[in-house]
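This report goes through cysteines, chain contacts, salt bridges and a few single residues of the structure shown below.

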Amino acid sequence: MSTRRSQGPPGPAAALNPLPAARPRAHNPALPSADPRAGPRTARHRAITLRRCETIPFHAPFHAPFHAPLYARLVRYGFRKHATYVWGALAGAFTNSVFGVLRAYVLIALWEARPGLAGYDVTHAVTYCFVTQAFIGPMQLFGGGLDVPERIRTGDIALDLVRPASLQLWSMAEDLGRAGYLFLVRGIPPVLLGAALFGVVRPSGFAGWAGFAACFLAGWAVGFAWRYLVALSVCWLVDDRGVQVGSLVLTTLLSGMMIPLPLVPGPLGELVRALPWAAMAQAPADVYLGTAPPLETLAFQASWAVALLALGALGTRAIRHKVVIQGG
Amino acid sequence: MVSTYILLAWTWARAAMAYRASFALMAVLGTVLAATDVAVILVIFANTTSLAGFSHDEVLFLYGASNVAFCFCDMFVGNVDRISRHIKAGTFDAMLIRPVSPWIQLATDNFSPTRAGRIAQAAAVLAYALAALDLDARRLWMVPVMIVTGVVIFASLWTLAASVQFVLTDAPEVVNAFTYGSGQLTQYPFSVYARDLVRGVTYALPLAFVNWQPGLYVLGRDDPFGTPSFMRFLGPVAAVGLALPAWLAWRRGIRHYRSTGS
């Protein structure tokens, strides 16, 4: 018997079969563990068993109970995943700050020509400019940020769809972690720079900050719901670049990131202020400035969030059928 | 050199045109995306008749002149900032052993003719502004000069940005603040900016010579910051003055490049 085979345990099977006995890979001491943190009684092991200990019925994605610890963990993973790219995030903060300064000068010139325009004074306009630049990272105003299109293209989505958790909630939890990290690293620096260079206004008191926090979260929810719909479109279009650029045009122009929406005149202005994109940057920025009532703004954002998330849930159901038909 | 550039660009263009529907959609949407900046200018002038002393048509003239040069560079040179991807993936080593300048290989890398729509859009805005403004015809010779100057300045900026990435492989996005930031900065008359910022982009980084200084000559106006009138004609000098350090930085970067180490 060759030395190569000597690793196999001797037994009755070995006598009949000349090949070495198969062993479960996880218990093969000859193979080093891929990850020192993976193994029994570690955090990761518990994380894996957490979602495997339930049996998976066929329709699980639609009837799975809401499992709070799972989603809390996904939020943390989303945060940690983006925390890996700290230099990229800081470079983004730098670029957003530079564009914030350039746009601020244009707005200052406009408000010097028309003081009190749109109910803002110059400081309001400058603050608006830096706050909306700060939203670019956490709200992901330039689009993307989700793994779904790539996973649809590679077919990995089939795996995601049989998980005992909704694909939409799963992506949303990860995206919340991403938004939290980018809020800290890409959101705060532009506003601090604006405060240092020009001076900015702040929400007043606890109620002001709480209102802003709620509207910020609602704005993120609308943003996620929209990007999720854009991501699902890959399933029907295969090449999603066109939709991505279309979404980029709509979001940059209609969110209020490039120009405050109250400046858009006439019925066109009323229309753009009622569209979902206004809920992503204009609405939370107005609550930050104190120029919009928080409760009404929140209601406006929440209705768009619910509508778009419901559409996303329908879309998730539809791609499930499509993936099954394709045999993926 | 030029024929090599055309050959490589044509190769990439044919690759981009393989998916016809996607190609057409990208061309249209890219133009629309570039036009959002014009939309912002139009919204601003729906609320005021003059911005920092400049009228609607004058701002569109400055925007058009700068953006023709910027979009031209974005199409024909802008891809050099993809160098950090090639350094990380190790494919830059392959570029170094081919018998073509690595700068040309990078400039044509992923060349996409869909960006021509943006140049057309900027040129249309410039043509509109030139027609709408009542300009002195004897000063119009400056318009082509300023566009060529702008192309050289932006191309040098992109080359500098690419050279910096030999040392900044971790955060390639940081150079966007300089390349795309310069495109944004030159869209508006410099009189909106603070005096110190304008000094910086006149004497340190010569962005004022893309459209501001020569544009003042074409419009027949004095500089609100009071620079002497001979500076209106210094554009070509400034462009060469930036191209030289850019060329040296690029050569230095190539010489000191040590592969990814594996």
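Over all chains, the structure holds 0 disulfides. The model is a predicted one, and the distances that follow are computed from its atoms. Why is B:Cys71 not bonded to B:Cys73? The closest cysteine sulfur to that of B:Cys71 belongs to B:Cys73 and lies 9.7 Å away, which is too far for a bond. A disulfide would need the two sulfur atoms within 2.5 Å. Seen from the other side, B:Cys73 is in no disulfide, and its nearest cysteine sulfur is that of B:Cys71. B:Cys71 has a relative accessibility of 5% and counts as buried. B:Cys73 is buried too, with a relative accessible area of 1%.

## Contact between the chains

Chain B and chain A touch through 34 residues of chain B and 29 residues of chain A. About 2700 Å² of area is buried between the two chains, and carbon and sulfur atoms give 79% of this area. On the side of chain B, the residues that lose the most area to chain A are B:Leu33, B:Asn47 and B:Gln184; together they account for 19% of what that side buries.

The number of salt bridges between chain B and chain A is 0. Polar contact between the two chains is counted for 2 residue pairs, both at pLDDT 80 or more. Which elements of chain B give two or more residues to the side that touches chain A? They are helix 2 (20–47), strand 1 (50–51) and helix 9 (176–185) of chain B. Helix 2 of chain B supplies the largest share of that side, 14 residues. Sorted by class, the side of chain B that touches chain A consists of 23 nonpolar, 8 polar and 3 charged residues.

## Salt bridges within the chains

Although none joins chain B to chain A, the structure holds 11 salt bridges over all chains. Three of them are set out here.

| Salt bridge | Closest N and O atoms |
|---|---|
| A:Arg227 with A:Asp175 | 2.7 Å apart |
| B:Arg115 with B:Asp74 | 3.5 Å apart |
| B:Arg118 with B:Asp74 | 3.6 Å apart |

In chain A, A:Arg227 forms a salt bridge with A:Asp175. A:Arg227 lies in helix 10 (residues 205–232) of chain A and A:Asp175 in helix 9 of chain A, so the pair ties together parts that are 52 residues apart in sequence. Are these two residues buried or exposed? Both A:Arg227 and A:Asp175 are buried.

In chain B, B:Asp74 is a salt-bridge partner of B:Arg115 and also of B:Arg118. The pair of B:Arg115 and B:Asp74 links the loop between helix 6 and helix 7 of chain B to helix 3 (residues 56–76) of chain B, across 41 residues. B:Asp74 has a relative accessibility of 4% and counts as buried. B:Arg115, at 22% relative accessibility, counts as partly exposed. The second pair also links distant parts of the chain: B:Arg118 is in helix 7 of chain B and B:Asp74 in helix 3 of chain B, 44 residues apart. B:Arg118 counts as partly exposed, at 22% relative accessibility.

Back in chain A, salt bridges that share partners join A:Arg151, A:Asp160 and A:Arg163 into one network.

## A buried glutamine in chain A

A:Gln168 belongs to helix 9 (residues 167–197) of chain A, the helix that also holds A:Asp175. With a relative accessibility of 10%, A:Gln168 counts as buried. Leaving aside residues up to four places away in sequence, A:Gln168 touches A:Phe224, A:Tyr228, A:Leu309, A:Gly312, A:Ala313 and A:Thr316.

## Two positive phi angles

Most residues other than glycine have a negative phi. In chain A, A:Ala118 has a positive phi, near 60°. A:Ala118 is placed in the loop between helix 5 (86–113) and helix 6 (122–139) of chain A, and is partly exposed, with a relative accessible area of 35%.

In chain B, the phi of B:Asn110 is likewise positive and near 60°. The loop that contains B:Asn110 runs between helix 6 (102–107) and helix 7 (116–132) of chain B. B:Asn110 counts as partly exposed, at 35% relative accessibility. The loop between helix 6 and helix 7 of chain B is also where B:Arg115 is found.

Conventions:
Residues numbered from 1 in each chain as written. Chains lettered and ligands numbered in written order. Predicted model: local features only at pLDDT ≥ 70, side-chain atom pairs only at ≥ 80, totals over all residues. Heavy atoms only, no water. Helix = DSSP H or I, 4+ residues; strand = E, 2+ residues; numbered from the N terminus. Buried < 20%, exposed > 50% of the residue type's maximum accessible area, 1.4 Å probe, protein only. Contact = heavy atoms within 4.5 Å. Buried area = accessible area lost by both parts, 1.4 Å probe. Salt bridge = Lys/Arg side-chain N within 4 Å of Asp/Glu carboxyl O. Polar contact = N/O pair within 3.5 Å; in protein donor to acceptor, adjacent residues only side chain to side chain. Nonpolar A, V, L, I, M, F, W, Y, C, P; charged D, E, K, R; others polar.
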